[in-house]
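Here are my notes for you as a newcomer to this structure. Have a look at it first, and then we can walk through it together.

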Amino acid sequence: MKLLSLLKKQPADNCVILTYNADLPFFEYTVFEPIYASGCRNTLVICDSAQYNQSIEDSSLLRYAGQRYLILPARISKKAFHPKLILLTGKDSGHLLIASSNLTKAGYAYNWEVATHFEYKASKPDEGVWQVFHWAVETIQQILNASDTTGLGVQRFDQILGTTPWLRQEHDPRLPKAVWPIHNLETPIFRQVVEEYRKADNSPVKEAMIISPFFDPGAVAFAELLSMLSPEILKLYTQDPQGLNKHTLKPILARHPTDFQAFHLNADGRRLHAKALKFRTDRGVWMVTGSANFSKPAYLQTASDGNFEMVVLRFLPEPSYFDAWMDELVQDALSLDIDLLPEAQDTGQDKPTDGTNEIRLLSAVLDGTVLTLRPENLSSASGPINIWFENIALFEHFVEDSTIAPDGKIKVELPEAILSELQRPTSIFLRIETAGGLTLLSSKVLLHNRQSLDRFSRPVERRPRPDIPKGLAPDSYEQCALILDMLHELLATNKDLLTKHRPVIRQRGNAENQEKRMAIDEMEEYFPEDHFVKEEIRRPVSSAGEELYADYYDRLTYEEILRAALSAVYHAQSPEEPRIPPPVLVAPDSDQTGVLPAPKEDETKPTNAAAAGTISADEIIRSRIEKGFQRLVRNFGKGLQDEEYLAEVPVRYLLELSLIVLQYLRVVYNDEMLSEKTFTDLSLDLYQSVWGWPGKPGAWASIGAKLSEEEKAYLEEQMVFSARIWFHAYLLAKILDRNKDRRLYDLAAWMRDYTAAAKGPEVLVQQVLPAVNPIQNTVMGEPDQSARVSVAERLKEYSQYYDHISLQNELTSLFDAKNSISLSENIAGISQVPAMKVKMSLVEADLDLFFRTFLKFLNWPDPKQHAWVEFTNTNPPVEEDDIYRVVVFYRKDTKEFSFAAERAVQGKYRPDIWKTCTIADLNQVNHILDLI
């Protein structure tokens, strides 16, 4: 289990971490930022009081300590405060880890650690798991009651209960147990273990196994275990053992008929920090894991005279239940001769945690302009008191006698000059001059800014997000609409500003930032990027002058949003499937597991092992995104061709979804998660599916007529519908133009049709587009009006682009004309003349249309030296003067233009017009009669 990845993938409102020592720079940049960005606003860290003094030495490297989360020293044990617990809770679920890992880079990412993970879901309540969470919450409350001198910890605790309704429920405590969470506030851990073993088992212990890196020099824990359990075999697994004394251990072993075996763990070059005790009996196996080393202060004493520890005791009737985990750890163990152990050294684990300062400063809280300090033993000091603020050029503030309250608290009104500086992590200590001329320094504490904490610790107002359905098949249109709302919110409106960061770049930046800014011990083979969760949709938010990247609380990835979109669009039904009440959607190509189906074998598997090594993770992700979008657009297009589907689904829903898909295409294309070819192909497919190409009708003719005036107003005013599709068309046209792609002329035909049917590109000037991605910001240059005008003018130019195919398609679609284009061998003595023949219903009023068609043929796709067009009337003649055929010819070398009309009397041309003019002259002609 990768602990960092686990933490960052779990949505939560609250986080409590208990630890012996705390590497706060590591915590902030690797744990706190991601979980805060996910919506976890209430975070509390409690550590050993002596280690607390060391942890705040790094306050100059911190950004959020005391401002967005609490860090409190524990004052509940005589010796070390040694538990390792992580509690994450939310409205509907929770995660609890009771572990061996401290809040350090080594503990969370490098050491060999052990953790017991409990997960609770309100939708599927588990009584036993709830009891463990309830135990953890009660224990945290006991710690706060003994340690919190600020009142802020209790406030954070109340917020946990307030945002976690399932924790407040009543459960039956009489249920049988197979898991026991244990601490030693009142009773030693080993005594509780033995009591549960005797009540539930009490059969002979065949084998006991100890895994621990630390021991007590007197080997008292060994003596107690041998006396209470009398195992036939005792195995010890350790690594560079600290405190293991051969002079005390050997006499203890000699007094018991136990086969003792000791082993050194290699642990793949990693440091062993796990702590476990396993013993196998005739009835099953017992396992103890958690924070407790195999030592007297951890196992045999209470917190009042030893360490404070937390472990989990488990019993399973299957004797081999834990063997797989144990075997992974001990498979490379080597025999250890305890006679060769060096002389035991004091590990420091049993030392009291009190600081050496004569005066202890317990807390410092800033509330508005008032700073409240709570010192201890201040009555023993005399003389002037000064408050020193670190990280602010050691700013010094003199304390007057009148500011010291009867209860010993110091309250001072701070000047404005320093208040702005206290919006960042700051440590404080007292400097006291005694009457004898001595200078006393108090212990340091981290300043907690109450107003900042209140502001940044408020629970996130979560809007309900629909579950992405398994198999991509929504249960109802209501769920489908909820998914649409989610996609609309994420991708198609101005509510959330999306700024994409390529995963590799972001990971590299985070890794470099850590190495530069965090004071952490050097360890090889640690790669921070291995512990970052990839592909989050992220948005920057600014607060207090700082930028914090805040992910959507549900941590949606590209793939998850794509799955949501797939589930929201049409999926054709198999004939054998029963008809589901509309508009339930079915995805026959899904794998019914809730994930995208894997690409076909021949699309993903390399032909040999060498090729396999060349495919990077990013390439695989990109391939899946592209294939997913292809399915999305294909299914959307199928839906728009299904009349039954169109009759069932609201029109506005379809048009909104088309905007969402277009927006999403732009975002992932800009993020280089989609190739330019795929972006172009899918965009054109969408335009054709919705609006249609000449000769390829889309759904617009069917669905546009169904829109009410209110819906039309909503689309234009709220969704800025026309402006959005024109903007996408502009980006698309630029790509097609740059690549000399003839589909630009098909897009130009769409532009002409949409201008005639709805709104022209000038809507980009009239309506301001919401800034939703960097492409748009770059092109439109908001709020620069000239940029939008320039885009609109360029679109008008693009809309007049033709090639032979698009011109023929336009004639066919508008006039049902049969036409062809070829090179004529001999026209006016000139060979290879571009010639166009059109057969259609003609009337004399169409003369201007013929002329404009001729000009388009003459100028596009490139200006022609010569051009000849023939229009033939398919109507039967009625009068002698009825037009039968019109011919237009132009030759650039002589600058001659001719127009001839053949009447119903065969062979008679009248009038015959010959005129000398240039192409520029022709372009100025609006009516053919102007040339007569």
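Which residue in S19 stands opposite Thr372? Keep that one in mind while you read point 1. Please also remember throughout that this is a predicted model.

1. **Strand S16 and its partners.** The answer is Lys411: Thr372 faces this residue across the pairing with S19. The two strands, S16 (residues 370-376) and S19 (residues 410-413), run antiparallel and share 4 bridges. S16 also pairs with S15, again in the antiparallel sense, over 7 bridges. Within that pairing, Leu366 has Leu371 as its bridge partner. S15 and S16 make a hairpin with 2 residues between them, and Gly368 in the turn has a positive phi of about 70°.

2. **Two faces of S16.** Follow the side chains along this strand and you'll see them alternate. On one face sit Leu371, Leu373 and Pro375, which are buried. Val370, Thr372, Arg374 and Glu376 point to the other face and are not buried. As a general matter, side chains in a regular strand alternate between the two faces of the sheet.

3. **Strand S4, a contrast worth a look.** Is S4 enclosed or open? Of its 5 residues (85-89), 5 are buried, so the strand is largely enclosed by the rest of the structure. Leu85, Leu87 and Thr89 point one way, Ile86 and Leu88 point the other way, and all of them are buried.

4. **Who pairs with S4.** Strand S1 (residues 14-19) joins S4 in the antiparallel sense over 5 bridges, with Leu18 partnered by Leu85. S5 (residues 93-99) pairs with S4 as well, also antiparallel and over 5 bridges. There, Thr89 stands opposite Gly94. S4 and S5 form a hairpin, with 3 residues between the strands.

5. **The eight-stranded sheet.** Elsewhere, 8 strands make an open, mixed sheet in the order S7-S13-S12-S11-S8-S9-S10-S14. Strands S7 (179-183) and S14 (334-335) are at the edges with a single partner strand each, so one side of each has no neighbour in the sheet. Further in, S9 (residues 233-238) and S10 (residues 259-264) run parallel and are joined by 6 bridges. Leu236 has Ala262 in S10 as its bridge partner.

6. **Cysteines.** How many disulfides does the model have? The count is 0. Take Cys15: its sulfur is 5.1 Å from the closest cysteine sulfur, that of Cys40, which is too far for a bond. A disulfide would need the two sulfur atoms within 2.5 Å. Cys15 is buried, with a relative accessible area of 2%, and Cys47 is buried too, at 0%.

7. **Cavities.** Searching the whole structure turns up 2 cavities of 30 Å³ or more. The second largest holds about 80 Å³ of space. It is lined by 14 residues, and those nearest its centre are Leu72, Pro73, Thr150, Leu362 and Ser363. Strands S3 (70-74), S15 (360-367) and S22 (445-449) each give two or more residues to this lining. By class, the lining has 7 nonpolar, 5 polar and 2 charged residues.

8. **Helix H26.** Does the length of this helix add up, or what would you expect its span to be? With 15 residues (743-757) at 1.5 Å a residue, H26 should span 21 Å, and its end C-alpha atoms are 21 Å apart, which agrees. Buried residues in H26 include Leu744, Leu747, Trp750 and Tyr754.

9. **Backbone oddities.** Most residues other than glycine have a negative phi, and most peptide bonds are trans. Asn202 has a positive phi near 65°. This residue lies in the loop between helix H7 (189-200) and strand S8 (205-211) and is partly exposed, at 47% relative accessible area. Gln832 has a positive phi near 60°. Its loop runs between strands S27 (818-824) and S28 (833-840), and Gln832 is partly exposed at 41%. Finally, the peptide bond joining Trp860 and Pro861 is cis, with omega about 0°. Pro861 is in the loop between helix H31 (847-859) and strand S29 (866-873).

Conventions: Residues are numbered from 1 along each chain as its sequence is written. Side-chain values use heavy atoms; hydrogens and water are left out. The expected span of a helix is 1.5 Å times one less than its number of residues. Buried means under 20% relative accessible area, exposed over 50%, partly exposed in between (1.4 Å probe, protein chains only). On a 1 Å grid over the protein atoms alone, a cavity is a set of points where a 1.4 Å probe fits but cannot get out, and a pocket is an open set with protein on both sides within 12 Å along at least five of seven lines; lining residues have an atom within 4 Å of a point. Grid points are joined across faces, edges and corners, and a volume is the space filled by probe spheres set on the points. Ala, Val, Leu, Ile, Met, Phe, Trp, Tyr, Cys and Pro count as nonpolar, Asp, Glu, Lys and Arg as charged, and the others, Gly among them, as polar. Two strands pair if DSSP finds at least two bridges between them.
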